[in-house]
Amino acid sequence: MSAAAAPRTNLLGLTPAELEAFVVALGEKPYRARQLLVWIYKRWVSDFEAMTDLGKDLRRRLAEVAEVRPPEVVSEHASADGTRKWLLRAGRSDGREQAIEAVFIPEVGRGTLCISSQVGCALDCAFCSTGAQGFNRNLEAAEIVGQVWLANRLLGAGPAGERAVTNVVLMGMGEPLANYRAVLPALQLFLDDRAFDLSRRRVTLSTSGLVPQIYRLAEDTNVALAVSLHAPNDALRNELVPINRRHPIAELLAACWHYLDAQNGRSITFEYVMLDGVNDRPEHARELAQLLAGHDAKVNLIPFNPFAGNRFRRSSAEAVTAFRDYLNSRGVTATVRRTRGDDIDAACGQLAGRVHDRTTVRLGQKMVAVEVQT
Ligand code: SAH
Ligand code: SF4
């Protein structure tokens, strides 16, 4: 097979060290990698022809063997509150289009992008619509990085290097620690000053509690950690977050405190989705306070986002406030997550990557193209 026919390497998936190895393998000097990084991550340029300081031959060669290709946008939705959601193509499987979602949440002084790490998720948490769709596949590093790169470009990041995305959270579809191989280089690119140059406090990985990978993460990086706890005892957590049957709460918390020690981190955020009558009672708040008091822990209470076919209900505003106030009274900082983008299904756990396949149907005498939900 000729080089031109081989799949091109998507440079968005390469760390600076890997990019350097890539250009050296093409017979180029290592500093070419630094030039490429500036074009890709400071000027948001993907067309090699526009990278004028690279020399004509190298530009031509790169166009043959490489590409800078973010995921393709299937559709874009803008919420009345400024939140934007993109449905992104993630290939086909079993004759069906697959998609992932990325959500941009603008706030004063910052812009947070919530990204996906897998198509679907195997962990099957009882209240999550991504889990309900099952697992399709892991995203590649270029697809994870590509979400942030694309959002920056679509949101007008400019040639002067200004960025729209100031914070990245891996809280979209999928369990990031179940796709460690691709997530780690993505995290490295988010932090690297030659690439996205985000501070470690502005990159948050959320996990449902894959304990061995939390220890590994502590060795490999120092991003902020969020842990989806959702229940203060094993009996309840076994039901809500099935991975708890393999890694119970005591093991999970030990891994969390290790992560903090190893990273000299400030605190771990524990996510707790409020389910009416299930985990939102005063006794749950008491148990939770006992688990976390005295540790560098914050609790983020998430209003449950209902979806079709799910048996849970959102807790009342009074129950959420009482839960929050009790935790705070016991010295455990607790906040309530403001829901954003409700009108476009952009909220946590709603990211199911529903894709609309185009198909043609007969309507009277006419054939018309319609969108069919698959
Ligand atoms: N798999 C990772 C990250 C993706 S889920 C994890 O579980 O942490 C991101 C967050 O959304 C998690 O805290 C998850 O528990 C929460 N979530 C899932 N479904 C939800 C729903 N229907 N309503 C509110 N939050 C939900
Ligand atoms: Fe997977 Fe997270 Fe959803 Fe659980 S909450 S099914 S781990 S995406």
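Trainee: How many residues of strand β10 (residues 203-207) are buried?

Mentor: In this predicted model, 5 of the 5 residues of β10 are buried (under 20% relative accessible area with a 1.4 Å probe, protein chains only; exposed is over 50%, partly exposed in between), so the strand is largely enclosed by the rest of the structure. Strands here are DSSP E runs of at least two residues and helices are H or I runs of at least four, numbered from the N terminus.

Trainee: Which side chains point which way from β10?

Mentor: Val203, Leu205 and Thr207 point one way, while Thr204 and Ser206 point the other way, and all are buried. In a regular strand the side chains alternate between the two faces of the sheet.

Trainee: And which strands pair with β10?

Mentor: Strand β9 (residues 167-170) runs parallel to β10 and is joined to it by 3 bridges, pairing being counted when DSSP finds at least two bridges; valine 168 stands opposite valine 203 there. Strand β11 (residues 224-228) is also parallel to β10, with 4 bridges between them, and alanine 224 of β11 is the bridge partner of threonine 204.

Trainee: What links those strands along the chain?

Mentor: Helix α6 (residues 180-191) forms a right-handed β-α-β unit with β9 and β10, and helix α7 (residues 211-220) forms a right-handed unit with β10 and β11. Right-handed means that, with the strands pointing away from the viewer, the path from the first strand over the helix to the second runs clockwise.

Trainee: Changing topic, how many cavities of 30 Å³ or more does the structure hold?

Mentor: The structure holds 1 such cavity, a set of 1 Å grid points over the protein atoms alone where a 1.4 Å probe fits but cannot get out, and the space in the largest cavity comes to about 470 Å³. Its lining has 30 residues, with Phe127, Cys128, Gly172, Ser228 and His230 nearest the centre, and β10 is among the elements that give two or more residues to that lining.

Trainee: What about the largest pocket, how much volume does it have?

Mentor: The volume of the largest pocket is about 1200 Å³, and of its 42 lining residues Arg110, Val169, Met171, Thr204 and Asn300 are the closest to its centre. β13 (297-303) gives the most to that lining, with 5 residues.

Trainee: How are residues and chains labelled?

Mentor: Residues are numbered from 1 along each chain as its sequence is written, and chains are lettered from A and ligands numbered from 1 in the order written. Local features need pLDDT of at least 70 and side-chain atom pairs 80 or more, while totals for chains, interfaces and linings use all residues, and side-chain values use heavy atoms, without hydrogens and water.

Technical notes. On a 1 Å grid over the protein atoms alone, a cavity is a set of points where a 1.4 Å probe fits but cannot get out, and a pocket is an open set with protein on both sides within 12 Å along at least five of seven lines; lining residues have an atom within 4 Å of a point. Grid points are joined across faces, edges and corners, and a volume is the space filled by probe spheres set on the points.
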